[in-house]
Structure formats: C-alpha cells, structure tokens
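Good morning, colleagues. I would ask you to look at the sequence and the structure on the screen, and I shall then go through the side-chain interactions in turn.

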Amino acid sequence: MQRNTYRRAGRMGTWGAGVVALALVAPVTAHAGVPGQAQAAVTTTATFNDPSGDSAAQSRIRDHVKGLIEGAPTGSAISAGLYSFTDTQISGALADAERRGVDVRIVIDNAATGAGGQYAALKAALGTDQSKGSYVTNCGVNRGCIGNRVLMPSKPDDGSINHNKFWLFSETGGSKNVVVQSSANMTSTQRTDYFNNAVTIVDAGLYGAYRGYFADLAKRQVNNDYYRTPTAGPYKTYFFPRKEAAGKKWNGDASTDTVSLILGNVDCRAGTEVRMAANLFSRREVAAKLVAMKSAGCKVILANDGGTSMSDDVSGIVSGKMTERVQCAENVGDRKVGLHSKYVLVNGTYDGKAGRKLVFTGSHNYSYSALRANDETLLKIDDVALYDQFRANHAKIMTFCKGS
C-alpha cells in the first residue's frame with residue numbers, strides 16, 4: 001500500500017514532475033519587462049510543461065508563476081500554499097516583490113527546510129511574524145498545517161504533510177483575483193523529469209475560497225476532519241483532510257472517498273469518456289470505480305506514473321480492465337520521464353446533465369494519505385475551453401508514454 005511516498009523517496013523533489021506542453025496553450029503573462037509594472041493581461045488558461053522538450057518547454061509552469069510574481073504591483077498581495085521548494089528563481093522573485101511593497105505570505109511544508117530548500121531564504125526575506133504584511137510559516141515536522149494524522153502507527157515518521165501547490169495574486173498583470181492551482185512542486189525534477197499541469201483562473205469567488213483556506217493553513221490549528229467544499233460559479237474546491245465515517249477504516253470507506261463519489265456521478269450509459277492522469281494511486285475504491293465505469297459503458301483512459309507510485313493491489317484491479325492505459329516511465333537521454341500530474345476529465349453525462357466537459361485537478365493524489373491525512377486541494381472546473389486544453393494534454397501524454 002502506498003503512503004507518503006514523497007517522504008520515502010526524498011521529500012525535496014524526487015517525485016517532482018511535469019506535464020506535456022501544448023502548442024495551443026499561449027503564455028498567460030509576459031515574462032519580460034520591469035517587475036511590478038503593467039505586463040500582458042492575465043487570462044483563464046492552462047499551462048503544461050514538457051520534460052521531453054528543451055529548457056523553455058520544461059520550465060513553462062515555473063516561468064509562468066515567476067511572471068505572475070513579477071507582474072504583482074506595489075500594494076498587492078501574493079499568498080501561496082506549498083510543499084517542497086528548491087527553486088531559487090522563485091524565491092528570488094518573491095524577495096524582490098516584497099522589497100517593492102508587495103505583501104508576500106507563504107505557508108510551506110517542512111520539506112522546504114531540507115537540503116536545497118528555500119525556507120531559510122524566505123525567512124530572511126519575509127520574516128515569520130504573521131502580524132506583518134509579509135511572512136513565511138513552516139507547518140512543522142511530520143505534520144501538515146491542518147492535518148497531523150499518522151495513518152500507520154508502525155510508521156510514525158510518515159505523518160501528514162502540507163502537499164498544496166497553489167498561488168494567489170490579489171492583482172497581477174492588470175488582473176485582480178488570480179488563482180493558480182498546480183500539480184507541480186517548485187523543484188528542478190518537477191521541470192525536467194515529470195509531466196505536470198497548472199491552471200490559472202481569474203475569478204473573485206474562487207480567489208476568496210482559496211484565501212479562506214490559506215488563512216486556515218496559516219493558523220496551524222489541527223483539524224483532521226477539515227473537509228470543505230465551497231462553490232464559486234463554475235468552480236468547486238475540495239479542501240482536505242477528510243476523515244472516514246464513524247466505525248469505518250481509513251482505507252476502506254468509499255462513502256467518504258471524494259474522488260470515488262465524483263466518479264459515481266458519471267452516467268456511462270451514453271458512452272461518457274473519462275480520462276485520468278495519476279501519480280500516487282493506492283485507493284482501491286477509486287480503482288474499483290474505474291473498472292465498474294468501463295463495464296457500464298464508459299471509455300476509461302488511464303495514464304499513470306510507471307515507477308512505484310501505484311500500489312500492487314490497485315495495479316491488480318485495473319490491469320487489463322481499462323479502455324486504454326499507459327504507464328509513464330520513458331527514457332529521454334540519461335533521464336527517465338514520468339507522470340506527476342493528477343487530474344480527471346469527464347466528457348459526457350455527469351450528475352444527470354448531458355454534454356458536460358469537466359476537469360478535476362490539484363495537488364490531490366489518489367492515495368489514502370491525500371484523502372485522510374494531508375493538507376490538499378482538489379479543484380472542479382466546469383469550463384469547455386479548459387477541458388479542451390487538458391484533453392489535448394492527456395492525449396499527448398498517452399502518445400508519449402505508449403513506449404512503456
């Protein structure tokens with residue numbers, strides 16, 4: 001069974017990743033110009049990196065976030081919930097933003113305090129006093145900022161983490177209320193060795209929902225049944241951890257498995273297509289739901305990381321049972337390129353309505369730790385244009401990874 005594999009594999013980015021870049025995805029923000037001054041307008045779009053491409057293709061998500069930081073004007077605010085963080089370009093851009101009068105507030109996992117981590121640099125630049133405009137706070141050892149649960153007593157050092165990867169900008173590039181939800185940690189292996197995705201959304205309601213969650217993370221008040229699901233227009237956020245029902249086991253309760261419940265809203269009778277990109281995948285309930293959907297008439301197309309990120313029992317459940325499946329572990333030069341994205345795409349009938357095109361993405365893996373222990377975010381997006389971008393990305397991943 002898979003737990004916080006990030007810890008066992010080295011929390012500073014061994015599981016870093018990146019998703020295939022699309023030619024159709026235009027840059028959201030210009031990365032040139034004077035930081036803090038007007039730059040290209042920010043719009044709602046998706047960004048994907050390509051670890052098989054050149055340096056620019058590999059760095060698309062990192063450079064996109066850097067451009068947004070540089071586009072934040074004096075008097076605005078940047079807030080972020082982050083896991084591992086070794087990228088000096090981003091920490092430098094945040095320090096520059098603070099110096100020009102941007103309030104920079106970072107909630108970060110203890111992973112960033114390790115070798116190469118940027119916590120010390122952020123602490124020097126921002127301080128840690130939450131009564132000030134700028135600060136960084138570290139969630140602490142073997143806990144998230146909200147979750148502090150150890151699912152397996154035999155592994156007390158494998159507790160909760162703050163696994164979030166989101167960025168909030170009160171204003172950047174002339175646009176207000178900008179949310180960036182990514183699957184990518186800010187590490188070098190995220191860019192070079194794995195496929196990742198990010199979505200940028202300009203929406204006041206969604207920004208407010210994330211700001212509320214960020215404030216709760218910053219308080220560091222433990223709540224192992226934190227689960228919140230605020231809705232803002234075409235967007236719905238699911239904030240974790242979520243506890244199992246009374247009397248149930250943490251690894252055996254489909255009734256409180258959010259992803260399983262989401263998949264349960266899919267009607268397969270009309271041939272709905274469901275696509276999944278998966279990194280960590282150990283939840284048997286989710287795997288069983290995918291198989292049942294295929295049997296009920298859905299097209300179920302699965303791309304999963306080809307390392308040890310899928311548990312043996314899940315592998316046994318889905319093996320030979322999908323419409324199409326690839327396992328991503330491709331040799332590119334002296335590197336092995338894998339998959340770190342986590343998203344589900346639905347094209348068809350959902351919740352009784354036909355013709356839906358939905359995206360579910362975020363930091364949330366299909367693991368028990370993501371559901372029951374970690375600080376995590378899953379974002380539902382009801383937007384045809386964004387769906388089409390993710391659909392094209394998934395098709396490219398499937399093609400690239402067929403060599404597995």
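**Helix α12 and its surroundings**

Let me begin at the N-terminal end of α12, which is capped by D383: one of its side-chain oxygens lies 3.0 Å from the backbone nitrogen of A385. Please keep in mind throughout that this is a predicted model.

The helix itself covers residues 384-400, 17 residues in total. From its first C-alpha to its last α12 reaches 24 Å, close to the 24 Å expected at 1.5 Å a residue.

Which residues of α12 are buried? They are L386, Y387, Q389, F390, N393, H394, I397 and M398. As general background, an α-helix has 3.6 residues a turn, so residues three or four places apart point the same way. You may wish to read the buried positions with that in mind.

One of these residues deserves a closer look. H394 lies in helix α12, and its relative accessible area is 0%, so H394 is buried. With which side chain does the side chain of H394 make a polar contact? The partner is R275, at 3.0 Å.

R275 also takes part in a salt bridge, with E273, at 2.9 Å from N to O. Both E273 and R275 are buried. R275 therefore has two partners in this account, H394 through a polar contact and E273 through a salt bridge, the criterion being a nitrogen within 4 Å of a carboxyl oxygen.

**Salt bridges elsewhere**

How many salt bridges does a search of the whole structure find? The count is 19. In general terms, side chains of opposite charge can pair when their charged atoms come close.

I shall take two further examples. The first joins D103 and R105, with the closest N and O atoms 3.3 Å apart. Are these two residues buried, partly exposed or exposed? D103 has a relative accessibility of 27% and therefore counts as partly exposed. R105, at 17%, counts as buried, because the limit for that class is under 20%.

The second example joins K176 and E171, at 3.2 Å from N to O. K176 is exposed, with a relative accessible area of 51%, while E171 is partly exposed at 24%.

Salt bridges also join into a network here, one that links R62, D63, D87 and R191.

**Aromatic pairs**

I turn now to the rings. Searching the whole structure yields twelve aromatic pairs. Among them is the pair of Y213 and Y226, which is tilted, with 5.7 Å from centre to centre and 45° between the planes. This pair links distant parts of the chain: Y213 belongs to helix α7 (residues 204-219), Y226 to the loop between α7 and β9 (231-232), and they are 13 residues apart. Y213 is buried at 1% relative accessible area, and Y226 is likewise counted as buried, at 5%.

Y227 and F240 form an aromatic pair as well, also tilted, at 5.5 Å centre to centre and 50° between the planes. Why does this pair tie together separate parts of the sequence? Y227 lies in the loop between α7 and β9 and F240 in strand β10 (residues 235-240), so parts 13 residues apart in sequence are brought together by the pair. F240 is buried, with a relative accessible area of 0%.

Ring pairs also build a cluster, made up of F166, Y210, Y213, Y226 and F239. The face of Y226 has a charged neighbour too: R228 lies over it, at 4.2 Å from the ring centre.

**Nonpolar cores**

The largest nonpolar core has 42 residues. Which of its residues touch the most other members? They are I201, Y210, L379, I381, F390 and I397. The largest share of this core comes from α7, with seven residues. Apart from this core lies another, of 31 residues, among them V266, L302, F360 and L378.

Several names recur here. Y210 is listed both in the ring cluster and among the core residues with the most contacts to other members. F390 and I397, buried residues of α12, are on that list of core residues as well.

**A position in a loop**

I close with G233, which is found in the loop between β9 and β10. G233 counts as exposed, at 65% relative accessibility. Its C-alpha lies 25 Å from that of A184, and the two residues are 49 apart in sequence.

Note on methods: Residues numbered from 1 in each chain as written. Predicted model: local features only at pLDDT ≥ 70, side-chain atom pairs only at ≥ 80, totals over all residues. Heavy atoms only, no water. Salt bridge = Lys/Arg side-chain N within 4 Å of Asp/Glu carboxyl O. Buried < 20%, exposed > 50% of the residue type's maximum accessible area, 1.4 Å probe, protein only. Phe/Tyr/Trp six-rings, centres within 6.5 Å; stacked < 30°, edge-to-face > 60°. Helix = DSSP H or I, 4+ residues; strand = E, 2+ residues; numbered from the N terminus. Lys NZ or Arg CZ within 6 Å of the ring centre and 35° of its normal. Core = buried A, V, L, I, M, F, W, Y, C linked by side-chain atoms within 4.5 Å. Expected span 1.5 Å × (residues − 1). Polar contact = N/O pair within 3.5 Å; in protein donor to acceptor, adjacent residues only side chain to side chain.
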